[in-house]
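Hi,

Here is the structure I said I'd pass on. Have a look, and my notes on what turned up are underneath.

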Amino acid sequence: AAALEAYDGHERVWCGRDEERGLVALVGIHNTALGPALGGTRVWPHESFEAGMTDVLRLSRGMTYKAAVAGLPFGGGKAVIIADPKKDKTEALLEAYAEMLVALDGQYYTGEDVGLTLADADFIRERAPNISGTSKGGSGNPSPVTAEGVFLGLKAALAHKSGSDRLAGVLVAVQGLGSVGWSLCEKLHAEGAELVVADIDTDAVDRAANTFGARMADAGDILFVEADILAPCALGGLFSSDTIPQLKAGIIAGAANNQLARHEDARLLMERGILYAPDYVINAGGLMNVAAELAPGGYNREATMRKVTEIPRTLTAIFQKADAEKRPTNEVASDIAMARIADKRS
Ligand code: NAI
């Protein structure tokens with residue numbers, strides 16, 4: 001039922017299975033009106049096939065909106081490999097997945113996501129052409145670019161809410177200290193923000209305490225700590241009618257995909273006066289980076305970083321329109337995406 005609820009006019013979903021090599025992979029193609037489907041591959045030990053299916057359907061839909069709002073000529077796609085990245089991600093599994101990508105014959109382009117590292121992407125690239133964000137001749141790990149966009153977007157949200165984007169003394173709660181979360185912490189710390197952090201990986205939390213003087217919070221509490229800004233940089237499905245009443249931060253601005261349990265929950269955030277930077281707008285830097293690699297003429301870092309500076313401008317326009325129309329920010333953002341897709345279709 002949950003998977004059916006997440007199904008939203010997807011064009012295609014493929015399932016790849018190789019029992020011998022331990023692969024169960026789902027590739028979701030949501031919408032290709034604007035171009036070929038592009039989106040990362042997640043490796044995660046979902047508790048069931050259905051949970052993996054729900055994840056891939058929600059993630060691939062998010063990519064359609066992300067590319068459309070960012071003005072990129074790509075459609076929405078995403079892959080989920082149901083496996084524990086720490087235990088099950090063998091070379092044989094990645095090899096089987098590369099063969100699946102080859103079989104999809106250019107209908108889906110991928111890159112890194114949670115659980116799939118730059119080294120994995122390089123390994124796959126040697127066996128399948130349709131993966132970007134690789135180090136050999138590619139644009140590299142997109143996470144630092146994602147973090148830059150999130151950082152600029154977070155400052156735009158702060159400026160919109162408080163009239164200034166000065167971070168000195170501003171308390172930011174960061175959930176997840178992986179590739180994006182860590183890089184975001186570096187940038188926040190460099191501009192004088194105070195940090196409170198959590199990760200299920202306690203070593204990462206210790207490192208953040210030592211490196212940034214960050215306060216440590218329990219992974220179960222980080223969403224609800226007293227902070228000015230909450231930056232979710234782990235997994236999605238965080239904000240719902242259960243959790244929203246308990247939030248204390250006035251701004252949500254982070255990298256995680258699918259932060260809302262349901263699209264409609266953004267209204268609850270608005271009613272509580274919490275400014276929500278729509279996830280697929282603020283975290284589009286990584287997509288901009290891999291899309292640049294696939295563009296005619298090839299990858300150009302400077303042009304990509306210029307494109308990333310559009311993120312705070314886009315967000316500010318969304319915040320202003322949402323205020324003027326008294327509508328949730330993600331509704332305004334999805335209108336922009338839908339209009340671009342409708343324009344292209346007509
Ligand atoms: P990552 O795998 O490097 O880091 C995720 C971190 O979250 C890990 O340290 C993990 O231990 C931690 N984590 C997982 N569950 C947690 C929980 N319940 N509480 C606290 N920490 C938890 O992933 P990455 O690449 O940093 O991505 C983070 C988020 O940003 C994901 O939702 C991803 O889809 C999204 N994103 C990433 C992009 C990129 O360029 N890497 C681009 C756009 C979105």
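Asp199 puts a polar side-chain atom 2.7 Å from an oxygen atom of the ligand. Bear in mind that this is a predicted model, so please treat the distances as computed ones.

Two more polar approaches to the ligand are worth a look. Ser143 uses its side chain: an N or O atom there is 3.0 Å from a nitrogen atom of the ligand. Ser179 uses its backbone instead, with an N or O atom 2.9 Å from a ligand oxygen. In total, 24 residues surround the ligand, and the closest are Thr146, Val180, Asp199, Ala234 and Asn257. So Asp199 turns up both in that closest group and in the polar pair I started with.

Now the domains. The assignment splits the protein chain into domain 1 (2–61 + 74–125) and domain 2 (143–283 + 313–338). Ser143, from the ligand site, is where the first segment of domain 2 begins. The C-alpha centres of the two domains are 26 Å apart.

How much area do domain 1 and domain 2 bury between them? About 590 Å², with 44% of it on carbon and sulfur atoms. On the domain 1 side, the residues that lose the most area to domain 2 are Arg42, Trp44 and Arg58, which together make up 64% of what that side buries. Counting contacts, seven residues of domain 1 touch six of domain 2.

As for what holds polar atoms together there, I get three residue pairs in polar contact between the domains, but zero salt bridges across the interface. Strand S4 (41–44) and helix H2 (49–69) are the elements that each give two or more residues to the domain 1 side. That side has four charged residues, three nonpolar and no polar ones.

Salt bridges do occur in the model, though: the count comes to 22. One of interest joins the side chains of Asp113 and Arg42, at 2.7 Å from N to O. Arg42 sits in strand S4 and Asp113 in the loop between strand S6 (108–109) and helix H4 (118–125), so the pair ties together parts that are 71 residues apart in sequence.

Cheers

Terms used:
Residues are numbered from 1 along each chain as its sequence is written. This is a predicted model: local features need pLDDT of at least 70, side-chain atom pairs count only at pLDDT 80 or more; totals for chains, interfaces and linings use all residues. Side-chain values use heavy atoms; hydrogens and water are left out. Domain bounds come from an automatic or database domain assignment. Contact means heavy atoms within 4.5 Å. Buried area is the accessible area (1.4 Å probe) that two parts lose on being put together, summed over both. A salt bridge is a side-chain nitrogen of Lys or Arg within 4 Å of a carboxyl oxygen of Asp or Glu. A polar contact is a pair of N or O atoms within 3.5 Å; within protein, one must be able to donate a hydrogen and the other to accept it, and residues adjacent in sequence count only if both atoms are side-chain atoms. Helices (H or I, at least four residues) and strands (E, at least two) are DSSP runs, numbered from the N terminus. Ala, Val, Leu, Ile, Met, Phe, Trp, Tyr, Cys and Pro count as nonpolar, Asp, Glu, Lys and Arg as charged, and the others, Gly among them, as polar. A residue is near a molecule or strand if one of its heavy atoms lies within 4 Å of it.
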